[in-house]
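User: Could you take a close look at one part of this model for me? I would like to follow a single residue and its surroundings, and then see how that part fits into the whole chain.

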Amino acid sequence: MIADNIKNIERYIDLIPLFRKAEERICELSGVDNGKVEIDGNKLFACVQSVVTDEIENCPNENHRRYIDIHYVIKGRERIDYWKRSDSEVTKAFDVENDYELCSSPDNYSSVVLNEGDFALVYPGEVHRSKVCIEEPEPLHKIVFKLEY
């Protein structure tokens, strides 16, 4: 996982070329409340979410195989927990159409707090639990870009 602020995007463009196309759409997508927006067919699309963060036990642990997630916070803040896939057991079998499986939580994991303007790149094989509240549930407006891996 990589976490940083969007002002530092140049560090990552060569690493993930589609990241530039995602970054170019942030202003436009910030005006959308919820929904899926196609950017480059199945290679790159965005899921815009206006939600309320929640307690850890209500946030699923996801792993993907086809897409890299880029979680970008427009407004609010969230905690994302993450760990290696090898540290979990599958609790819901892989859904090929929606590119995810649910996994158990290990005893040890890492966390990052994303504030407005921050992003986190989550690669396939990195189980993650997003939308976790920091102190108490609060509104969160974010974009999850899906980049074909």
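Analyst: Happy to. Let's start with Asn63, which has a relative accessibility of 3% and therefore counts as buried, since the cut-off for buried is under 20%. Please keep in mind that this is a predicted model.

Asn63 sits in strand S4, which covers residues 62-63. What does the side chain of Asn63 reach? One partner is the backbone nitrogen of Gly125, at 2.9 Å. The side chain of Asn63 also makes a polar contact with the side chain of Glu101, again at 2.9 Å. Setting aside residues within four places in sequence, the contacts of Asn63 include Arg85, Tyr100 and Cys103. Pro124, Gly125, Glu126 and Val127 are also among them. Two further names on that list are Asp99 and Glu101, and Asp99 deserves a visit of its own.

Asp99 belongs to the loop that links strand S7 (90-95) to strand S8 (100-103). Is Asp99 buried or exposed? With a relative accessibility of 4%, Asp99 counts as buried, because the limit is under 20%. The backbone of Asp99 is worth a look as well: phi is positive, at about 50 degrees, although Asp99 is not a glycine.

A positive phi turns up at Lys131 too, where the value is near 65 degrees and the residue is again something other than glycine. Lys131, however, lies within a strand, namely S11 (residues 126-132). Its relative accessible area is 26%, so Lys131 is partly exposed.

For another site, let's turn to His141. How far is the C-alpha atom of His141 from that of Glu101? The two C-alpha atoms are separated by 24 Å, and the residues are 40 positions apart along the chain. So we have left the surroundings of Glu101, the side-chain partner of Asn63, and come to strand S12 (residues 139-148), where His141 is placed. His141 has a relative accessibility of 13% and therefore counts as buried. A polar atom of the His141 side chain lies 2.7 Å from the backbone oxygen of Val32. Beyond residues up to four places away in sequence, His141 touches Ser30, Val32 and Asp33, among others. The list of residues in touch with His141 also includes Val48, Gln49 and Ser50, as well as Val73, Ile74 and Lys75.

Now for the whole chain. Its secondary structure amounts to two helices and twelve strands. Following the sequence, the order is β-α-α-β-β-β-β-β-β-β-β-β-β-β. Of the contacts with a separation of 6 or more, 77% are between residues 24 or more positions apart. Asn63 offers an example, with its side chain reaching the backbone nitrogen of Gly125.

How does the overall size compare with a compact globule? For 149 residues, such a globule would have a radius of gyration near 15 Å, and the chain has 14 Å, which agrees. The C-alpha atoms fill a box of roughly 40 × 35 × 30 Å along the principal axes. Within the chain, 48% of the 149 residues count as buried, and Asn63 is one that does.

As for the surface, the accessible area comes to about 7,800 Å², with 45% of it belonging to carbon and sulfur atoms. The chain carries 19 positive and 30 negative side chains, and the centres of these two sets lie 3 Å apart.

Notes: Residues are numbered from 1 along each chain as its sequence is written. This is a predicted model: local features need pLDDT of at least 70, side-chain atom pairs count only at pLDDT 80 or more; totals for chains, interfaces and linings use all residues. Side-chain values use heavy atoms; hydrogens and water are left out. Helices (H or I, at least four residues) and strands (E, at least two) are DSSP runs, numbered from the N terminus. The radius of gyration is taken over C-alpha atoms; the globule rule is 2.2 Å times the number of residues to the power 0.38. Buried means under 20% relative accessible area, exposed over 50%, partly exposed in between (1.4 Å probe, protein chains only). Contact means heavy atoms within 4.5 Å. Accessible areas come from the Shrake-Rupley method with a 1.4 Å probe; for residues, only the protein chains shown count as cover. Lys and Arg count as positive and Asp and Glu as negative; His and the chain ends are not counted. The place of a charge is taken as NZ of Lys, CZ of Arg, CG of Asp or CD of Glu. A polar contact is a pair of N or O atoms within 3.5 Å; within protein, one must be able to donate a hydrogen and the other to accept it, and residues adjacent in sequence count only if both atoms are side-chain atoms.
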